[in-house]
Amino acid sequence: MPLIHPAARYRPYASASGGWGSAFSVMNILWREQALFKTPLALVRQNKPKGFACVSCAWAKPGNPHALEFCENGAKATAWELTSLRTGPGFFEQHSLSELRQWSDYDLEQHGRLTHPLRYDPDTDRYRTTSWEQAWAEIGEQLRALTPDEVVFYASGRASLEASFMYQLFARAYGTNNLPDSSNMCHESTSVGLQESIGVPVGTVTLADFEHTDCIFFFGQNVGSNSPRMLHPLQEARKRQVPIITFNPIRERGLERFVNPQSVREMLGPESTVISTQYHQVAIGGDTAAITGMAKALLEMERTALANGQASLLDHGFINEHTDGFAAFVAEVDRHGWPELEARSGLSRGALEAAATVYARHERVMVIYGMGMTQHRHGVENVQMLVNFLLMRGNMGKTGAGICPVRGHSNVQGQRTVGITEDPAKVPVEKIESLFNFKVPQHKGRATVDTCGGILDGSVKGFIGLGGNFLRAVPDTDRIEPAWSQLTLNVQVATKLNRSHLLPGQHAWLLPCLGRIEQDVQDGVTQVYSTEDSTGCVHAWQGRSEPAGEQLRAEVAIIAGIAQATLSGSERIPWEDWRRDYAKIRLAISQVYPEIFHDMESRMWAPGGFHRPLPVNQRQWKTETGRARFISPRSLDEDDDVSLRGARDVIQLMTLRSNDQFNTTVYGYDDRFRGVQGTRSVVFMNRNDIVRLGFAAGDWVTLRTAIEPEVRREAGPMQIIAYDIPQGCAAAYYPECNPLVPLWHHAERSKVPAAKSVPIRLSRAQPDAQALKRALPESDQVR
Ligand SMILES: Nc1nc2c(c(=O)[nH]1)N[C@H]1C(S)=C(S)[C@@H](COP(=O)(O)OP(=O)(O)OC[C@H]3O[C@@H](n4cnc5c(=O)[nH]c(N)nc54)[C@H](O)[C@@H]3O)O[C@H]1N2
Ligand SMILES: Nc1nc2c(c(=O)[nH]1)N[C@H]1C(S)=C(S)[C@@H](COP(=O)(O)OP(=O)(O)OC[C@H]3O[C@@H](n4cnc5c(=O)[nH]c(N)nc54)[C@H](O)[C@@H]3O)O[C@H]1N2
Ligand SMILES: [Mo]
């Protein structure tokens with residue numbers, strides 16, 4: 001067997017993020033997608049007034065955009081959608097689904113855009129072309145035969161406010177609140193945590209706050225790969241000498257140095273901007289302990305100051321007037337000694353005191369965070385701990401300060417705002433009932449984890465997917481796959497082929513839709529659509545590129561088609577009018593949610609969009625007690641109930657994204673910033689752990705979940721990379737590692753799968769030629 005030395009494919013990345021590496025990477029994908037000419041034209045309009053919203057991340061779209069307001073990964077996402085490659089009817093004549101199931105995620109999507117509505121034919125094991133009218137009629141018939149609570153309506157976070165509003169209304173008029181959403185795997189810990197703590201489910205920071213902040217804390221988010229446009233305001237802040245204090249187990253390149261690829265001077269010159277002024281490599285799951293440590297340091301500084309007759313360090317005026325729970329929080333912090341905090345956080349007292357000192361010296365502090373905080377068993381407490389930290393010095397409801405969750409999908413926050421949620425208590429039921437003349441079901445529906453449970457036990461029989469790749473994105477994928485193929489009904493609205501489409505169940509349709517970059521013409525009139533970004537701004541957009549095929553339909557039209565074929569019509573929902581004129585959908589949205597969306601039709605065109613009202617910014621707290629709440633964590637341990645502390649062969653695995661993917665969409669096999677080339681089958685480990693466990697860098701291993709060992713959960717083979725990551729911690733890629741995450745291993749209350757903290761054991765693997773080829777797809781050595 002050929003020996004593959006890791007040095008051939010792993011070389012630490014010495015450059016800054018952005019820069020020439022970024023420019024080359026974009027050219028590469030334009031070439032591969034055969035989109036060299038179309039894409040650059042489209043990119044000029046990306047994130048611009050009268051242009052289209054980037055289909056990649058949810059980061060804010062400024063009112064005064066750069067000449068080119070896009071990033072490396074936004075450009076990749078655009079090229080991915082505008083590709084000249086097609087997966088048409090001929091493709092499905094050639095390939096059966098059992099054959100396609102052997103393909104990689106990369107190969108499936110790389111084949112290009114879906115072009116025709118398809119129905120699965122079990123006799124030939126192939127998708128066959130159907131007509132839209134027939135598809136809608138047959139899907140309607142299937143839905144009417146099922147009981148509403150046996151069906152779920154999944155949304156992946158891209159669909160516009162208009163399509164999303166229609167989608168949830170359809171599900172509810174049909175008779176269920178089963179509305180799982182990608183946000184159930186993502187920022188639901190934020191929605192639950194912030195709602196309780198400060199009375200809004202979303203972040204409070206806007207782009208303008210970046211101009212006024214004087215200090216930034218950054219937890220568990222990989223800005224260089226996952227929201228690169230945010231590097232611009234961060235770079236601006238650094239030019240004003242704003243300190244940025246980062247907590248992340250891995251030294252992410254984008255959090256260290258940045259060269260703006262759109263600045264000629266920076267590209268040609270030697271400088272790069274240092275992003276993080278302090279970098280703390282916290283242990284996986286150690287953030288609550290780290291923040292407790294900083295709170296402890298602050299309380300100690302405060303006591304010393306008061307004893308010396310100096311001014312108070314904490315904002316007692318704010319704490320007394322606006323918060324509750326402070327005394328209990330102080331007692332909780334006092335309860336923990338430094339040795340315990342150091343052990344749990346993996347950071348020294350000195351490091352935590354240094355961070356706390358910077359915090360104490362600044363007046364306008366904001367906290368930015370991502371999946372490193374939410375995807376833990378204590379994800380909700382992690383988020384609430386960030387709020388506690390901010391409240392100590394009144395960093396809420398003041399310019400330049402606040403909390404900034406970095407959302408994932410480009411309209412995931414907006415989908416929740418217009419009613420995509422399993423909880424009817426979160427939607428204005430009375431307004432919906434009186435406007436549309438139907439009863440909203442009163443009982444809670446299923447979110448993502450409950451949907452998976454229902455698929456496993458057979459109580460979920462029908463699945464409608466508005467985008468996404470549910471089967472690949474959810475935890476415990478190897479257990480769910482066989483059950484997924486037992487569904488009675490499986491309808492997927494998609495732009496490209498993915499694994500969720502390949503295990504079709506009894507009756508399955510694959511319906512191709514327009515992407516957001518494409519022109520959406522209904523009855524001769526070009527439609528516009530709207531989204532809400534991570535900072536709570538609502539914008540209008542318009543796609544202008546030529547659609548990938550004549551048969552494609554807009555998501556709005558597809559939902560209207562299925563709804564009309566399913567519902568009795570007694571509901572008084574004007575599906576056909578809405579399909580013809582999206583302004584009418586927006587009017588309905590503004591009637592159901594007037595506080596947020598009044599006069600939406602005119603306001604959404606304002607440069608930078610319009611802000612949803614955030615009472616927090618007026619220091620009004622819509623919480624249970626009418627105050628902002630210090631909510632003490634119940635434990636410093638991220639996994640207290642499954643802790644395998646003391647089991648020396650167990651390490652904590654985080655599953656994360658490379659720089660060359662968008663969620664389950666794999667653009668390529670390089671992770672430039674982490675120095676990996678040509679493979680995704682790697683596990684990053686601390687050198688001491690590698691030696692201690694009897695391995696060497698470059699060894700092939702199988703990863704096995706250590707909790708609930710009676711269930712066999714495995715992933716691999718993967719090659720070990722010796723990496724700068726704390727001892728006891730490891731990292732590997734999502735979605736390859738999803739079979740390792742037990743379905744029940746999720747955040748309490750928010751049910752976000754704890755994808756950032758899975759206890760695993762390693763065993764030596766001997767990959768055969770086929771496994772090697774899968775692991776190293778671009779390697780000549782194994783061909
Ligand atoms: N190019 C690109 N852009 C994307 C996406 C994509 O896949 N590709 N996905 C989109 C989506 S849906 C989302 S939700 C976002 C995701 O964006 P991120 O929130 O950045 O998600 P991850 O890549 O999973 O990385 C999480 C980061 O958390 C760190 N981390 C892991 N565990 C811990 C911990 O216990 N504590 C701390 N402090 N840090 C930890 C990891 O080292 C990593 O840097 O990006 C969005 N944008
Ligand atoms: N282990 C582990 N698991 C995770 C995560 C993790 O960090 N670790 N992250 C979680 C997170 S944060 C998220 S958000 C989920 C993501 O879960 P999903 O949102 O379900 O997955 P995506 O990969 O974003 O979906 C990609 C598919 O969407 C379709 N698509 C693309 N554009 C459009 C469009 O405009 N319209 C329609 N209808 N379809 C379109 C394409 O067919 C494409 O194949 O995964 C979660 N799972
Ligand atoms: Mo996400």
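The shell around ligand 1 draws on two parts of the chain in this predicted model: domain 2 (188-406) and domain 3 (640-780) each give at least three residues to it. In total, 29 residues surround ligand 1, and the closest are Asn248, Glu252, Asp287, Gln661 and Asn663. Sorted by class, that shell holds 10 nonpolar, 15 polar and four charged residues.

Let's look at some of the polar contacts here. A nitrogen atom of ligand 1 sits 3.0 Å from a polar backbone atom of Phe247. Another backbone contribution comes from Gly220, with a polar atom 3.3 Å from an oxygen atom of ligand 1. Asn73 takes part through its side chain, where a polar atom lies 3.4 Å from a nitrogen atom of ligand 1. How much of ligand 1 does the protein bury? Taken alone, ligand 1 exposes 930 Å², and the protein buries 99% of that. If you want to trace the shell by secondary structure, α11 (223-226), α19 (371-374), β24 and β25 (661-662) are the elements that give two or more residues to it.

Asn73 also leads us to helix α3 (residues 72-82), as Asn73 is one of the buried residues of that helix. Of the 11 residues in α3, 11 are buried, so the helix is mostly covered by the under-20% cut-off for relative accessible area. The buried set includes charged side chains such as Glu72, Lys76 and Glu81, along with Trp80 and Leu82. What covers them? The cover includes the helices α1 (19-32), α2 (38-45), α6 (105-110) and α11, together with the strands β3 (113-114) and β26 (665-666). Notice that α11 turns up twice, once in this cover and once in the shell around ligand 1.

Now step back to the overall layout. The domain assignment gives domain 1 (86-183 + 411-607), domain 2 (188-406) and domain 3 (640-780). The centres of domain 2 and domain 3, taken over C-alpha atoms, are separated by 28 Å. Where these two domains meet, 28 residues of domain 2 are in contact with 32 residues of domain 3.

Ligand 2 has its own place in this layout. Why does ligand 2 lie between domain 1 and domain 3? Both domain 1 (86-183 + 411-607) and domain 3 (640-780) give residues to its shell, so ligand 2 lies between them. There are 31 residues around ligand 2, of which Tyr154, Asn498, Glu555, Thr664 and Tyr734 come nearest. By class, they divide into 12 nonpolar, 13 polar and six charged residues.

Glu555 reappears among the polar contacts: an N or O atom in its side chain is 2.7 Å from a nitrogen atom of ligand 2. The side chain of Thr655 also places a polar atom 3.0 Å from a nitrogen atom of ligand 2. With Lys756, the partner is an oxygen atom of ligand 2, at 3.1 Å from a polar side-chain atom. Ligand 2 exposes 920 Å² when taken alone, and the protein buries 98% of that.

Within domain 1 (86-183 + 411-607), a good residue to visit is Leu179, in the loop between α8 (161-174) and α9 (188-198). Is Leu179 buried or exposed? Its relative accessible area is 0%, so Leu179 counts as buried. The residues that Leu179 touches include Phe153, Tyr167, Gln168, Ala171 and Arg172, and also Gly419, Ile420, Thr421, Glu422 and Arg446.

Helix α28 (residues 582-592) is another stop worth making. Asp581 caps its N-terminal end, with a side-chain oxygen 3.0 Å from the backbone nitrogen of Ala583. The buried residues of α28 are Tyr582, Ile585, Arg586, Ala588, Ile589, Ser590 and Val592. An α-helix has 3.6 residues a turn, so residues three or four places apart point the same way.

Our last two residues are Glu332 and Ser635. Glu332 lies in helix α16 (residues 326-335), and it counts as buried because its relative accessibility is 13%. Beyond its neighbours in sequence, Glu332 touches Ser632 and Pro633. Ser635 is found in the loop between β23 (628-629) and β24 (651-656). With a relative accessible area of 15%, Ser635 is buried. The C-alpha atoms of Ser635 and His378 are 8.8 Å apart, although 257 residues separate them along the chain.

Methods:
Residues are numbered from 1 along each chain as its sequence is written. Chains are lettered from A and ligands numbered from 1 in the order in which they are written. This is a predicted model: local features need pLDDT of at least 70, side-chain atom pairs count only at pLDDT 80 or more; totals for chains, interfaces and linings use all residues. Side-chain values use heavy atoms; hydrogens and water are left out. Helices (H or I, at least four residues) and strands (E, at least two) are DSSP runs, numbered from the N terminus. Buried means under 20% relative accessible area, exposed over 50%, partly exposed in between (1.4 Å probe, protein chains only). A residue is near a molecule or strand if one of its heavy atoms lies within 4 Å of it. A polar contact is a pair of N or O atoms within 3.5 Å; within protein, one must be able to donate a hydrogen and the other to accept it, and residues adjacent in sequence count only if both atoms are side-chain atoms. Accessible areas come from the Shrake-Rupley method with a 1.4 Å probe; for residues, only the protein chains shown count as cover. Domain bounds come from an automatic or database domain assignment. Contact means heavy atoms within 4.5 Å.
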